Amino acid sequence: MIKLVVFDLDNVIIDGEAIDEIGKLANVEEDIAAITEKAMQGEIDFETSIKDRVQLLEGTSIEDIEKVADELPLMAGASEAIKSLQDNDVDVAIISGSFDVVAENVKGKLGIEKVCTNSFTVEDGKLTGEVTGPLVSGSKLDVLNGLVEEAGITLDEVVAVGDGANDISMIESAGCGIAFNAKDSVKEIADIVIDEKDLTKVSDEILNQLTTDDAKTETVEEEKALPKSDFVLADTMEGVKKQKDEKEAEISKVADERENFNKIAKEQRKIRDELNASLKENLNKAIEFRNERNEINKAVEAAKKARNEANNKIKSLEWSSGKRDKIKIENEIKKIDKIIETRVLDIKKENQLVKNANDLRKQLMKIHEDESVQGESQELKKLSEEEHEKVITLSEKAQVAHEEMLTYFRKTDDIRTAADEAHKKFIEARKNASAKHEEFKAILSDIHVINKKLDTNRPKKRRTETKPSSGSNRNREEKERAEEIFAKFKQGGKVSTEEILLLQKYNIG
């Protein structure tokens with residue numbers, strides 16, 4: 001069984017050589033690339049190559065290196081491959097002579113817990129030109145042995161994936177070694193060679209092995225766990241043979257029905273997973289538009305505040321510039337004029353009111369607003385109008401973002417409903433397949449009873465001392481037939497119950 005897959009980092013998990021990209025910061029990329037190539041080809045030992053390359057980076061800013069690390073692209077299919085392995089309960093680790101500043105970034109993106117790399121030595125934010133870590137002088141196999149011991153597994157349960165000479169030790173020792181777009185020296189010792197830059201090809205190979213291993217284990221365990229049969233045999237051998245034919249036809253039908261339910265379950269699971277992925281994308285879009293709306297509304301509030309402050313300053317300036325007194329006098333004059341017009345007054349009192357009004361008019365003529373105040377007031381009015389226009393424009397943008405947000409939230413609800421429906425169908429198909437599997441086992445148990453009866457009634461062949469018996473010839477032919485059946489099984493071919501029994505007879509697989 002495969003329990004752990006270890007990957008190299010550069011040119012495997014990431015699409016590129018990290019130290020070559022970092023070398024561009026110090027304008028030494030060509031020198032570093034040349035050393036890298038020699039190390040990959042095995043022309044110089046890794047310890048020498050890593051020390052020489054890091055020495056060339058002395059004085060480079062670690063902050064700049066972190067930016068480069070964040071921009072390094074993942075290998076095509078990396079996310080999908082790692083997720084599919086983890087979904088199948090396979091642990092994933094990175095063992096690389098590269099650097100933790102790069103690996104930690106990848107670790108976060110892919111959700112890989114176990115990462116073993118080297119480290120730059122840094123002082124005052126700059127590289128000293130020295131490198132430390134378990135993979136400076138130690139081999140990847142040394143590190144792998146540590147992981148294996150910690151996990152309580154064996155090297156036979158490990159798949160190692162790499163591309164360069166320093167990966168050879170772990171690829172040779174692992175239960176399965178995969179050369180991924182590798183140098184010739186690596187391909188020569190690998191169990192599997194993949195020359196396509198797509199990590200899903202790696203996960204497919206591993207999952208195919210898992211499926212084969214599971215199928216072998218399930219077949220053996222299934223035979224052990226068959227239910228007890230109360231099948232009643234016919235009275236005659238002809239009747240028993242007829243019963244076998246009927247049971248063979250019955251189990252074939254049930255197997256097809258089980259396979260059909262498994263196919264439906266697989267299809268519905270795929271639909272569900274695709275819908276859930278789409279749901280996540282739409283939900284992220286909805287959140288993006290919600291955040292955009294909220295940011296715009298903040299700008300709206302800022303514009304409103306600026307507009308209101310300008311209006312308040314205008315009022316303050318108008319009152320402080322004598323406008324209050326002017327309005328007060330004008331109101332007094334209006335009151336006096338109204339009394340004179342609407343009331344009948346004696347001449348003395350009317351003359352006094354006229355005099356009062358004239359005095360007020362003289363005071364009014366003496367009040368003049370400050371010209372600088374008038375100019376400032378005009379500027380504030382202009383600012384108020386501009387901020388008001390911003391409020392209107394931004395409010396319209398916020399409304400658009402709000403509508404987009406609602407659209408994506410509605411889509412999310414629709415997708416979630418469809419995904420839930422697909423999940424229900426998946427569960428139902430799984431239950432039906434499980435029921436058919438139990439039915440399959442019950443029939444298989446009956447067939448075992450029939451086969452036992454038929455085997456005990458076969459005439460025994462006599463052996464001769466001087467020449468191989470016909471039974472020996474038959475056994476040899478049956479064993480060859482069994483090996484052919486197992487070869488077909490490994491390639492994904494269907495195996496009948498009779499063929500399974502033949503495999504068991506010769507303990508093949």
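A contact here means heavy atoms within 4.5 Å. With that in hand, here are some friendly notes on the structure above, which is a predicted model.

1. Let's start with the whole chain. Its secondary structure comes to 16 helices and seven strands. Of the 509 residues, 36% are buried. If you take the contacts with a separation of 6 or more, residues 24 or more positions apart account for 68% of them.

2. Helix H4 is a good place to begin browsing. This helix covers residues 62-71, and its buried residues are Ile 62, Ile 65, Val 68 and Ala 69. Viewed down the axis of H4, these buried residues fall within an arc of 110 degrees, so they line one face of the helix.

3. What sits over the buried residues of H4? The cover includes two helices, H1 (18-23) and H6 (100-110), along with two strands, S3 (114-123) and S4 (126-132). If you colour those elements in your viewer, you can look at them together with Ile 62, Ile 65, Val 68 and Ala 69, the buried residues of H4.

4. Do have a look at the start of H4 as well. There, Ser 61 has a side-chain oxygen that comes to within 3.2 Å of the backbone nitrogen of Glu 63.

5. Next, the internal space. The structure holds one cavity of 30 Å³ or more. The largest cavity contains about 180 Å³ of space. Its lining is made of 17 residues, and those closest to the cavity centre are Asp 10, Glu 17, Phe 46, Arg 53 and Asn 166.

6. Which elements build that lining? At least two residues each come from helix H2 (29-41), helix H3 (46-55) and strand S2 (91-99). Strand S2 gives the largest share, with four residues.

7. As for chemical character, the lining of the largest cavity is mixed: six of its residues are nonpolar, five are polar and six are charged.

8. Finally, a residue from further along the chain. Lys 305 belongs to helix H12, which runs over residues 237-342. Is Lys 305 buried or exposed? Exposed is the label for a relative accessible area over 50%; Lys 305 has 54%, so it is exposed. In sequence, Lys 305 and Ser 384 are 79 residues apart, while in space their C-alpha atoms are 9.9 Å apart.

Conventions. Residues are numbered from 1 along each chain as its sequence is written. This is a predicted model: local features need pLDDT of at least 70, side-chain atom pairs count only at pLDDT 80 or more; totals for chains, interfaces and linings use all residues. Side-chain values use heavy atoms; hydrogens and water are left out. On a 1 Å grid over the protein atoms alone, a cavity is a set of points where a 1.4 Å probe fits but cannot get out, and a pocket is an open set with protein on both sides within 12 Å along at least five of seven lines; lining residues have an atom within 4 Å of a point. Grid points are joined across faces, edges and corners, and a volume is the space filled by probe spheres set on the points. Ala, Val, Leu, Ile, Met, Phe, Trp, Tyr, Cys and Pro count as nonpolar, Asp, Glu, Lys and Arg as charged, and the others, Gly among them, as polar. Buried means under 20% relative accessible area, exposed over 50%, partly exposed in between (1.4 Å probe, protein chains only). The arc is that of the directions from the helix axis to the C-beta atoms. A polar contact is a pair of N or O atoms within 3.5 Å; within protein, one must be able to donate a hydrogen and the other to accept it, and residues adjacent in sequence count only if both atoms are side-chain atoms.
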